[in-house]
Amino acid sequence: MKRSAAFLVVLLVALAALYYTQRHQRPIAVSANAVIDMVADAQRDLTRTPMRFTRFSDDEEIAIGNELAQHYAVTVQLTAEERAYEHYIQRVGFALGQRAHRRLPYSFHLLPDSNLMNAFSLPGGHVYVGEGLLNLMTSEDQLAFILGHEVEHIDHYHCVERVQVQAHLKNLQLEVVGALVQIPLQIWEAGYTKDEELEADREGLRLAVLTGYSPYGAVTLLEKCARLHEEYVIHAHSPGQELSELAMQSLEGYFRSHPMPSERLAQAHQLIAQNGWQDRTAQKPFLVEYEVHNGEYVR
Amino acid sequence: MLSAPPLAIYALWRQRKLGQRLAELTALAAKQNDALHRELLDLKRQLAALPRVAAPPAEPRAEPSAEPPLRISAIIPQPEQPAPPPSVVLKGDAPTPPIPVTPAPVAPNTIPVSAAPNVGTPGEPQKLPAAVPAPPVEQKPAPAQPPVIPPRPPRYVDVARVPLQPPVTPPPAAARVAAPPQVAPLRSATAHATAQQRIKSVSAIEDALGRNWLNKIGIVLIVVGIAFFGILEFRQLTPVLKDVLLYAVSFAFLGGGIFVEKRDRYRVLGYTLIGGGWATLYFTTYALNHVAAMRVVPSEVLDLILMLAVAFAMVVHTLRYRSQLVTGLAFLLGYFTVTLSQDKIYSLSAGLILAIGLVSIVIRMGWYELEIFGILSSFLNHFYWLYRLLGPEGAQHQAFPDYHISTLLLFFYWLTYRISYVVRKPKNPFEEHISTAAALLNTLLLLGVLKFQSVRPDLAWIALLVVGAMEFGFGQLPTVKRRREAFVVLTVLGAALMVAAVPFHYSGNDVAILWLIGAEVFLIAGAVASEVVFRRLGLIIGLLVAFRLAGFDFMQLMAARRLSENLLLDAGVMFGLCAVVFYTNALLIGRRWPKFFQDSPDALLLALHSYIGGFAAVCSVWALCSNDWTALGFAAIMLTLAAFQRKLRNLHLVVEYAGVIAPLTMFRVFAVNLHTEILLPAHLSMRLLSLPVLAVAFYLTAYLNDRSENSSGDIDLSVLRGLFSAAGTFLITALIYFEVPALWQPLAAIAFAVLLLEAGHRLPYRALTWHTHSVAALAVFFAVTADPLAAQRWGTIPVHAFAALPVVVGAYWIAKRMRIVLPGDADLRNAELRNHDSQQAQVAAIAYTWVAAGLVVWGLNEALSAAWVAVGWIIFAVALAHSTRWIRYRHLAWQADAVALLAIARTYTYNYAFDIDFWPHISVRLLTVVIVSAGLYSISRKPIRLNEPYARISPFLISAAGTALLALLAWYESPAGWLAAVWASFALVLALVDRRFKLDELGWQAHALAALTMLQSVTVNLHVTDIWHGVGVRLLSLSIVALIFYALSYLARLPQEWRQREFHHIYSWAASALVSLLAWYELPALSVAVGWAVFGLLLFEFGLVRRIRQFRFQAYVALSAAFARIFFVNLTAGDPGNFWSDRTYTVLPIALIIFFVYSQLETDEKSAQDDQRLHFNELLACLGTGSIVALLYFEFTHVWVVTAWAAVVFILLGVSLWLERPKAAPQMDSKIDGAKIDSPKMLRPKPDRPIFLYQALLLTVGACARGIVHNLFGASYFTAGNWSGRYAVLGSAVAVLFLCLPFAFRLRDRYREKPPGGRIASLFGPIIKHPEQILFFAPVALLTILLALQLRAGMVTVGWGIEGFLILLGAFAINERSFRLTGLILLLACFAKIVLIDMWRLEARDRYITLIMVGGAILLASFLYTRYSEKIRQYL
């Protein structure tokens, strides 16, 4: 009797959960994020320990970053507007870089591709922003948040640790000229683990606020990203497709387990509440001012 | 600082000696105890006999005895003294009585007696109780009293050095002073188990470490820390104040040590304090002038006088204790502290004073061990001075001002210690060994330091020659020759130095020649003078010549050969000369004086000379011959050595020509003589000449090995003969390969194979048969690889198809001629070998027929067009099958089936693609597949009756293949929509027909069709989205298929055994899988896991009620799938910051279902025995806990996961403890209490669930690992503050884990009585029986690493030291041995870290603070060990 009652209770609880989820259907994405998060977390933890003992010096990191940056050198001539954009992000970026923990020669570059809605950084201080991402922005504070985020990836050794991992995986001898060619450039654009992304968000936001920007720039930008993410979610039509997508996500996500935009947004709100930044709501407009004379950018 | 390693080595060596002493004393105590009991029994007997004895009580004991009457009176006043170590003789140096005596009950022959220096006459010791008879009767209480303790501190005399029986004159002043008292327990030695012995051994080490070594380590650290403190300049402390402070500390140590040393328990501590006090005093005196921060005496002379005075006082005072501990500590710490602060070469005078004082003590007291540390300290002290002066690279041939004084000092040290070595007279082998170590160390350190300060390297050979000659000369002194070991050491040392001097001055061939001369001189001198040392020196120097030849001259030869193939006459002659000399040594001298070279290592060394001769001979030939002739030269050496071997019966020669020269020859053939750079048949003259000649040489060598086989019974060279003949065959084969055109190579190779076969029959030689097989295989290879592009054709048929025909003919010929080949002594062969050879011949014949058939198949494949190859093959198969019926050769039947299989494969892979018309409406695919199927049916309908089992299987397989081909053909022709349904229905019909008519083939084909149906359903029907009358086609069709499958699970006819094994439930598994897939398609993503869990719950209930375990197993799979799915949907579904979210209310019900099913398995034991046997209950427990742990991982921030997991550990341990099995039967208790039993369940004991304990232990390790790698190593570099981030989180985790210890101790008590069963328990038994160990070590490890990473670098060791001391304190409080050992190891690790790291890297202030603090902690730990030594000795 007791057993039957217990069975009924358990069954009812499960059916209630089933009914509730059926009634409140939400667009839940099936993803390998949980597994990737755990695996990446474990992988990061396991690699972080030896990395602490085999850390590159700042000079070595700068040299490696400079060599990698040669692959991103823009071969086409920037237009006057694009040069103005680049000067703009350099002005904002330098202000942020001066408040970073490590004294590195930060440099900020524009990638003139309107389809590239991404930003990334290289070891040693190189930060790249895609023109597509700039087109999304509506305030300078959003740009400051993005640049601070990338600066903190460098500042907290995320970039150089990726070089260390790649060097170990590919058995590279970094002192050999040209060895870095074997590191695919896509891994810099792919992002980092969840912890590292959240850390870069947290510290980047702190950096932006210290430089005088509003934290709500980050909030508005992350809200926009959350909306884009919901639109981007693809639902599988079969278990096989789901499994293959999960497998692909697992393989792609070996180095990254991006936090959900909602998590990043929640963290931003939490930071604002913790530090009492609620009154810093005023955002600076995204305003690029420049002059062109005879088709040449002059200011 | 440089003396720290010697101190550590000395400490280890001393610990080992003390351990041995402890064991000896324990054994002695046991003997004494036995003697005590015997004496007690004697006394009782005497007491019992006393009323009957009229004589005075002393009279019966008045027989001759060494015991004086006064001895009794000496015992009586000391009843309350603590027990002294029974292994020592207490001898007061005060003139007042009582005379030191041994304990009364000690057996006579075990009493160690020693007379101190004040015992002047030899007769006095005879007054001592060397033999103790039974005490007088009136002294009844005496045996029960503890041994006598004199009022003065006793002198501890080495038992081993004191003659026991009879007592003799006590040794002079050089009597060995023992280590501090090892208070051995007065317990009899009883037999223990092995584990107990191990515990006893570890406890003895721990006891020795804790009471004897920690105080030494502590005092060393404190003294060194004080020295650093003295050297460091402070503004607040003037030199005067600092001197006064250090003198106060010195006298405090001295006074404290002298005071404490009088108490027996703390004597070791007192000795260490005295030693440390003298060292501090000496350093302070030295610092009065030489240390800037403490300089108050400006005169070096005055300070030298003061140092001499302190050194003299140190010698005098420390010798009073006759303890190496006191003296060693004082002197070595004195060296150490002086080393820390020396500034110029005159400051080395302090070390000079110490060296002289130390040598005088060593010679006087015979403490040769101490001299080793003196040597180390002297030279390393000097080296450290040079290091500071010259830097890490040394002098680098640049002169420096104090070079000559430094050199003189070094030679002074060397000569002082060498004279000490020469004049000493060791009394036993151990002392001689110690002296040898000191002698070697002396010379090596001298040379090392001289090298470091080298200014004129061109004169190094003179120094080596002079030192070597002096060592050699010392070795020949008569006083040394009486000590064999010293003679050997000095002679070898001198010879080694003189030999080493040669390459410093000479070069080129001179070195090898000089060494060769030296080797011959030593060898001949050793043979003539019968001195083994000289002989072996000669042989070893010969080896040195070999190294020279191999490492230098051979390299030059290689370099020259890389450049050209010209004649190298000088090298050839030199190598030839060496070959002659070494072969002379090996073959002539060894035979002239055979008695010297019979045993190892002389025989081995002489054999090595033979190999060196062979090496030199090969090098000589290489230098003198070139191109193709080199291999011929090697072959000539090989033949010559083979001939010599036949004459001399020397196994080493066999190794040389067979193991080295023959492979070398073959290598040379490969590299040069084959001329592989010219592959075409070019008819090269040297290749045509050299290959046959070399083949002949190898065949002749094979012949010589054949003759040797029977002459020397201990050497079986038949294998070598085979290898040499194989080499000859290989060379002829290579000639065919290189010189015969490709299309003719099959013919030539098969002809050579036939020739080898016939030759093997004629000789007779069995190995040639194997050569035949190899060459025949090569012929086949040639046939199938000749003209691969089919460039040459005859009509449309490639010519190479005809080239294979001679091979087919040859193969059939060899198959027919294959028979047994036996040599001439075949009569001696036994029948077994004959049968073996016969079987081999049969197998070979069969293989050749298969090869012939294979070549025919290959030929058909080459000759026919692609679509008709399968047809050709099936016709050939039919022909083979029918011919088998005529000639009754069953292997043709097998070959027919093999060819049929090839035809099937060919049809499947090729013919379905030929969708072209052969005739209108008849495609090539249809025609060829039908023909092949007809052929298959033809074979299946004419089964071969040669082999019954095969005859049953063959038609079954072949008809199944035909059916499969036709089914596949239907798949090509039918639409895909209803194929699954048709196949399912067809399978059901086949199953029904099979069930009705018992046709096995149809039943299996039904199963196959069902499998295809399942495949079709999964791959096609799941994706159908059509609607039929408002119902989805997918839902309808898959429901039908699932129902049919459930029906088939009951209807399908299977063998009874298979049905018993529940193979029919494959269908129910498939049906359940389809239902699960339907759930995935019909439910939203978030609900799928819950749906699967509910489905699993229902399956489980159905299986439990109907007692069908396969349904329960399916339920477990469904629950496992639900568990897995939460990782891909549910765990990431929650909103950040919202605790009750989609994640929570979907994961928790799943965990609830899993735990409910787990609980049902545990309660309903009868119907779930299989489940428990397969450990599904444990799986479910793991899944439930895993889901909770994973939920916590995502609910909390990453930083706090470690604490959450620690809390789960606490809960799991509590659950495990709560689910304890009752120990007493409740029925009995109920009766006693008069209460009624309501339910039978009350009578049933609760199940014990160690799985939760396993999970707790595993999670403990996981939490600890995560804390280390994530919270410590993986934390942010700049943020996440220590207190809020790491100390708080990890501190809470550590606290929670420590809180688990009470649970762990209770679980240990439970499982100690009755350990849990199962594989896990058997694998990890010790861990499970002692859960408190993991729950202690995990947080301790976490805490230790936390301190290492979070404390300032200079304070890490201090933190660890405090942690270790606190652990030790707690361990003593709860009396847990492993915890105590942990604290001890941590303290020792602190010491090691200080020695290896902190001493060299820390800042000055941190360094002295670390040294003093850790030293203090270690001293306190030693005090704890001394104070609570009984807790350790309970294991002894």
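A salt bridge is a side-chain nitrogen of Lys or Arg within 4 Å of a carboxyl oxygen of Asp or Glu. The exercises below apply this rule and others to a predicted model.

**Exercise 1.** Determine how A:R264 and A:D201 are paired, and where the two residues lie.

*Solution.*
Step 1. The closest N and O atoms of A:R264 and A:D201 are 2.7 Å apart. The limit is 4 Å, so the pair counts as a salt bridge.
Step 2. A:R264 belongs to helix α12 of chain A, whereas A:D201 belongs to helix α9 of that chain. The pair links distant parts of the chain, 63 residues apart.
Step 3. Both A:R264 and A:D201 are buried.

**Exercise 2.** Establish whether A:E150 is buried or exposed, and describe its surroundings.

*Solution.*
Step 1. A:E150 is found in helix α6 (residues 140-155) of chain A.
Step 2. A:E150 is buried, yet it has no salt bridge. The nearest side chain of opposite charge is that of A:R264, at 7.1 Å. A salt bridge requires a distance within 4 Å, so this pair does not qualify.
Step 3. The side chain of A:E150 does make a polar contact, at 3.2 Å, with the side chain of A:S121.
Step 4. With neighbours within four places in sequence set aside, A:E150 is in contact with A:A119, A:F120, A:S121 and A:V127.

**Exercise 3.** Examine the salt bridge between A:D58 and A:R102, and state how exposed each partner is.

*Solution.*
Step 1. In this salt bridge the closest N and O atoms are 2.9 Å apart.
Step 2. A:D58 lies in helix α3 (residues 58-69) of chain A, and A:R102 in the loop between α4 (80-97) and β1 (107-111). The two are 44 residues apart, and the pair links distant parts of the chain.
Step 3. The relative accessible area of A:D58 is 31%, so the residue is partly exposed. For A:R102 the value is 4%; buried means under 20%, so A:R102 is buried.

**Exercise 4.** Carry out a similar analysis for B:E739 and B:R687.

*Solution.*
Step 1. The side chains of B:E739 and B:R687 form a salt bridge, with an N to O distance of 2.9 Å.
Step 2. B:E739 is in helix α23 (residues 718-739) of chain B and B:R687 in helix α22 (residues 685-711), so the pair ties together parts 52 residues apart in sequence.
Step 3. B:E739 is buried, with a relative accessible area of 8%. B:R687 is also buried, with a value of 0%.
Step 4. Returning to chain A, salt bridges that share partners join A:D58, A:E61 and A:R102 into one network.
Step 5. Over all chains, the count comes to 25 salt bridges.

**Exercise 5.** Describe the interface between chain A and chain B: how many residues take part, and what area is buried?

*Solution.*
Step 1. Chain A contributes 51 residues to the contact and chain B contributes 47 residues.
Step 2. The buried area is about 4,300 Å², and carbon and sulfur atoms give 67% of it. In chain A, the residues that lose the most area to chain B are A:R3, A:I28 and A:R52, together 14% of what that side buries.
Step 3. There is one salt bridge between the chains. B:R1266 forms a salt bridge with A:D41, the closest N and O atoms being 2.8 Å apart. The interface also has five residue pairs in polar contact, with both residues at pLDDT 80 or more.
Step 4. On the side of chain A that touches chain B, α1(A) gives the most, with 13 residues. The residues of that side divide into 23 nonpolar, 11 polar and 17 charged.

Note on methods. Residues are numbered from 1 along each chain as its sequence is written. Chains are lettered from A and ligands numbered from 1 in the order in which they are written. This is a predicted model: local features need pLDDT of at least 70, side-chain atom pairs count only at pLDDT 80 or more; totals for chains, interfaces and linings use all residues. Side-chain values use heavy atoms; hydrogens and water are left out. Contact means heavy atoms within 4.5 Å. Buried area is the accessible area (1.4 Å probe) that two parts lose on being put together, summed over both. A polar contact is a pair of N or O atoms within 3.5 Å; within protein, one must be able to donate a hydrogen and the other to accept it, and residues adjacent in sequence count only if both atoms are side-chain atoms. Helices (H or I, at least four residues) and strands (E, at least two) are DSSP runs, numbered from the N terminus. Ala, Val, Leu, Ile, Met, Phe, Trp, Tyr, Cys and Pro count as nonpolar, Asp, Glu, Lys and Arg as charged, and the others, Gly among them, as polar. Buried means under 20% relative accessible area, exposed over 50%, partly exposed in between (1.4 Å probe, protein chains only). Lys and Arg count as positive and Asp and Glu as negative; His and the chain ends are not counted.
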